[in-house]
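Let's walk through this one together, question by question. Have the sequence and the 3D view open as you read.

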Amino acid sequence: MPKDEAFPLPYEFYPDEWFSPVRREDLFANSAPIEMDLGCGDGSFVARMAEHFPERNFLAVERLLGRVRKVSRKAVQGQLSNLRVLRADSNYAVEWLLPRGFAQRIHFLCPDPWPKKKHASRRQMCQPEFLAALHRLLAPSGELLFMTDAEPYFDESISVLENCLYFTRLPWAEGDFFYPKTDFEEQWLAQGRTMHRLRLQRREVTGELPPLYDIKPQEI
Ligand SMILES: C[S@@+](CC[C@H](N)C(=O)[O-])C[C@H]1O[C@@H](n2cnc3c(N)ncnc32)[C@H](O)[C@@H]1O
């Protein structure tokens, strides 16, 4: 971070209170649909989306300060007033911080692949609690878009999703709709790797849900 740079930069969002849910109006003054980019990295994807869709709001979540700052600078340079950057752990943000029905689309692109078997439990897309939290966060018929080059991670998430009723898979081929490449995607494609995509639509669920699902942050 350059020594004299302001903190926070415009468009960075730090809640006043980390243990109460954030209200959507704390982030965005209008009622336009919200899209989230979880683990946004340097933010080229979300910045291009925010530029392309000025009528939508975007919330980028990233835990590393250096990357948060890069996204914020992109927002400042592009005057992207529809983009906010939240420095937070994405698990915490989706499970506790953000309100139910908050997002119309959630992008989870090129997450850390955790290739070692002993780290497999860190693959968020394979965790029922994480999927339940995303389901809760999505508005009715909202979508979750997931992309990875890691085949074991992808295969495992498919098998977890087959046993959970939260989402219906929709078709998604490259070029179906405007979808800029992410920084990591560019790098991995240049190395000859293949990207695997999942586009999921939120289903209305009745019946048993993981206990986490209905706990409100105030109840922790
Ligand atoms: C492999 S990079 C992909 C970045 C970006 N999505 C892209 O495709 O270019 C994964 C990013 O997720 C961030 N990340 C990993 N775990 C996270 C977590 N629990 N909460 C927030 N960010 C996380 C990392 O810091 C990193 O920037």
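What follows is a set of questions and answers on this predicted model, going from the overall fold to the ligand shell.

Q: How many helices and strands are there in the protein?
A: Let's start with the parts list for this predicted model. The strands sit in an open sheet with mixed pairing. The full count is 7 helices and 8 strands.

Q: What radius of gyration does the protein have, and what would a compact globule have?
A: The C-alpha atoms fill a box of roughly 50 × 45 × 35 Å along the principal axes. For 220 residues, a compact globule would come out near 17 Å, and the protein agrees with that, at 17 Å.

Q: Of the contacts between residues at least 6 apart in sequence, what share joins residues at least 24 apart?
A: One pair with a long gap in sequence is P54 and N82, which are 28 residues apart along the chain. In space, their C-alpha atoms are 6.5 Å apart. For the protein's contacts between residues at least 6 apart, the share joining residues at least 24 apart is 79%.

Q: Which strands stand at the edges of the sheet?
A: Read the order across the sheet: β1-β4-β3-β2-β5-β6-β8-β7. A strand at the edge has a single partner, so one side of it is left without a neighbour in the sheet. The two strands in that position are β1 (12-13) and β7 (167-170).

Q: How many residues of β4 are buried?
A: Look at the two sides of the strand: L83, V85 and R87 point one way, R84 and L86 point the other way, and all are buried. In a regular strand the side chains alternate between the two faces of the sheet. β4 is largely enclosed by the rest of the structure, because the buried count is 5 of 5.

Q: Which residue in β4 is the bridge partner of F58?
A: β4 has parallel pairings with β1, over 2 bridges, and with β3, over 5 bridges. On the β1 pairing, F13 has L86 as its bridge partner in β4. β3 and β4 also belong to a right-handed β-α-β unit with helix α3 (residues 65-77). For F58, the bridge partner in β4 is L83.

Q: How many residues of strand β5 are buried?
A: β5 (residues 103-109) has β2 and β6 beside it in the sheet order. The strand is largely enclosed by the rest of the structure, because a good part of it is buried: 5 of 7 residues.

Q: Which residue in β5 is the bridge partner of D37?
A: Strand β2 (residues 34-38) runs parallel to β5, and 3 bridges join them. In that pairing, D37 has as its bridge partner H107.

Q: What is the hand of the β-α-β crossover from β5 to β6?
A: β5 and strand β6 (residues 138-148) run parallel, joined by 6 bridges. Along that pairing, L109 stands opposite M147, and R105 has E143 as its bridge partner. The chain gets from β5 to β6 through helix α5 (residues 128-137), and the crossover is right-handed.

Q: Which elements do the buried residues of α4 pack against?
A: α4 is mostly covered, with 6 of its 8 residues buried. Those are S90, A93, V94, E95, W96 and L97. They pack against β2, β3, β4 (83-87) and α5.

Q: Is P54 buried or exposed?
A: P54 lies in the loop between α2 (44-52) and β3. A residue counts as exposed if 12 or fewer other C-beta atoms lie within 10 Å of its own. P54 has 11 within 10 Å, so the residue is exposed.

Q: Which helix gives the most to the shell around the ligand?
A: Three elements each supply at least two residues to the shell: β3 (57-62), α4 (90-97) and α7 (183-190). The one giving the most, with 3 residues, is α7.

Q: Which residues come nearest to the ligand?
A: There are 19 residues around the ligand. By type, the shell divides into 7 nonpolar, 5 polar and 7 charged. The ones that come nearest are G39, G41, C110, T182 and F184.

How values were computed
Residues numbered from 1 in each chain as written. Predicted model: local features only at pLDDT ≥ 70, side-chain atom pairs only at ≥ 80, totals over all residues. Near = placed C-beta within 6 Å. Helix = DSSP H or I, 4+ residues; strand = E, 2+ residues; numbered from the N terminus. Nonpolar A, V, L, I, M, F, W, Y, C, P; charged D, E, K, R; others polar. Buried ≥ 20, exposed ≤ 12 C-beta atoms within 10 Å, placed from the backbone. Pairing = 2+ DSSP bridges. Right-handed = clockwise from strand over helix to strand, strands pointing away. Rg over C-alpha atoms; globule rule 2.2 N^0.38 Å. Contact = placed C-beta atoms within 7 Å.
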